[in-house]
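User: Hello! Could you walk me through this fold, one question at a time?

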Amino acid sequence: KVHNGFYRFLFRKRKDTGTRKYDEIANILHHYGSKFGDDYSLVVTGYSLGGALSTIFSLYASTDEKFTNIGPIQLYTFGCPYVGGLAFYESFRHQERKGKLQLVRFFNKRDGIAHLPVSWTGEYQHVRIGVRLPKVRSRLMRYLVPEPIPEIRHPKDKNRLGFYLRSLKENYFFNMPLPWKIRETHGLNELQKRMLRARVLSENGQRYPLHNMSLSDLYDALVFNNEDDKNGRNSASNRSDADKKAEV
């Protein structure tokens, strides 16, 4: 299952040209990327609706060898809503195991948009690594109460019950902000403020080691650290070797 509105935006044929937005974007990316040679890497990013479209685009693009020739597509989203269901999650996971795709999803605590559409039965699932950014406290409060650090989330559910329980925990109604805070909590300014504060907090690498890792290192530590994903880890390692050779 994929959100119909997001999917149609990328894949329905335009009446004026008869082409799909996905194909247009992919062709433009390859056109400019090929100017650097055949060995170029692709980094995709998007905010809110753009994050949802970037997630779908990156999954499909990861099946195209010209975009993953020297390494995985790396995707960074901000305030991204739900995109797809269990089948979408498994497809995304398959591409991760093959070393074709990596994702980190940044979202503010109490950002209701990141928990829409409302999911009661697990019909929508977020994919892979999420980073929940806490609210920035005032200087006075920092002295009185220990400041929370960004929470790195990585779903490890392997059955329908696990997906269902996680969907309840991440349901919109349990994560919604106060009505007059909706726009502020989802805004780019608030995201930037929280990310800058998170950067300050993560400077102490011994206390917060995961926060000082690259996306590839996070995948080695969180995604490819179990028996099921050994093949994916080996594949990703091979890709990293190729990256180093390309840089040389």
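**The sheet and its surroundings**

Analyst: Happy to. Strands β1 and β2 (residues 73-78) are paired in the parallel sense over 5 bridges. Please keep in mind that this is a predicted model.

User: Which residue in β2 stands opposite Val-44?

Analyst: Strands of a sheet pair through backbone hydrogen bonds, either parallel or antiparallel. For β1 and β2 the sense is parallel, over 5 bridges. Opposite Val-44, the residue in β2 is Leu-75.

User: In what order do the 5 strands of the open sheet come?

Analyst: The pairing in this sheet is mixed. One parallel case is strand β3 (residues 101-108) with β4, over 5 bridges, while β4 and strand β5 (residues 151-153) run antiparallel, joined by 3 bridges. The open sheet has its strands in the order β1-β2-β3-β4-β5.

User: Which are the edge strands?

Analyst: Start from the order, β1-β2-β3-β4-β5 in an open sheet. An edge strand here pairs on one side only. That description fits β1 (43-47) and β5.

User: By how many degrees are neighbouring strands of this sheet turned against each other on average?

Analyst: The sheet in question is the open one with 5 strands and mixed pairing. Ignoring direction, the average turn between its neighbouring strands is 15°.

User: What angle does the direction of helix α9 make with that of β3?

Analyst: Helix α9 (residues 215-223) packs on the sheet, where β2, β3, β4 and β5 are the strands it touches. Compared with the direction of β3, that of α9 makes an angle of about 95°.

**Strand β4**

User: How many residues of strand β4 are buried?

Analyst: In a regular strand the side chains alternate between the two faces of the sheet. In β4, Ile-129, Val-131 and Leu-133 point one way and Gly-130 and Arg-132 the other way, yet all are buried. Strand β4 (residues 129-133) is therefore largely enclosed by the rest of the structure, and its buried count is 5 of the 5.

User: Which residues stand opposite Ile-129 and Gly-130?

Analyst: Let's take the two partners of β4 in turn. With β3 the pairing is parallel, and there Ile-129 faces Val-104. With β5 it is antiparallel, and there the residue opposite Gly-130 is Arg-153.

**Two packed helices**

User: Are α2 and α3 roughly parallel or roughly perpendicular?

Analyst: Two packed helices are described by the angle between their axes and the distance between the axes. For helix α2 (residues 21-33) and helix α3 (residues 49-61), the angle is about 65° and the axes are 11 Å apart. That angle makes the two helices roughly perpendicular.

User: How many nonpolar residues does the contact of α2 with α3 have?

Analyst: On the α2 side we find Tyr-22, Ile-25, Ala-26 and Leu-29, which meet Phe-57, Tyr-60 and Ala-61 in α3. By class, there are no polar and no charged residues in this contact, and the nonpolar count is 7.

**Individual residues**

User: Is Glu-96 buried or exposed?

Analyst: Glu-96 belongs to helix α4 (residues 86-97). Beyond residues up to four places away in sequence, it touches Leu-101, Arg-128, Tyr-219 and Phe-224. Buried means under 20% relative accessible area. Because its relative accessibility is 1%, Glu-96 counts as buried.

User: What is omega for the bond that joins Leu-116 and Pro-117?

Analyst: Most residues other than glycine have a negative phi, and most peptide bonds are trans. Pro-117 sits in the loop between β3 and β4. The peptide bond that joins Leu-116 to it is cis, with an omega of about -5°.

User: What is the relative accessible area of Arg-110?

Analyst: Arg-110 is in the loop between β3 and β4. Although not a glycine, it has a positive phi of about 70°. Arg-110 is partly exposed, at a relative accessible area of 43%.

User: How far apart in space are Ser-119 and Tyr-164?

Analyst: Ser-119 lies in the loop between β3 and β4 and is buried, with a relative accessible area of 1%. Leaving aside neighbours within four places in sequence, its contacts are Tyr-82, Tyr-124, Ser-167 and Asn-171. Ser-119 and Tyr-164 are 45 residues apart in sequence, and their C-alpha to C-alpha separation is 9.1 Å.

Terms used. Residues numbered from 1 in each chain as written. Predicted model: local features only at pLDDT ≥ 70, side-chain atom pairs only at ≥ 80, totals over all residues. Heavy atoms only, no water. Axes fitted to C-alpha atoms, helices over the stretch in contact; angles between N-to-C directions. Helix = DSSP H or I, 4+ residues; strand = E, 2+ residues; numbered from the N terminus. Parallel < 35°, antiparallel > 145°, perpendicular 65-115°, else oblique. Contact = heavy atoms within 4.5 Å. Nonpolar A, V, L, I, M, F, W, Y, C, P; charged D, E, K, R; others polar. Buried < 20%, exposed > 50% of the residue type's maximum accessible area, 1.4 Å probe, protein only. Pairing = 2+ DSSP bridges.
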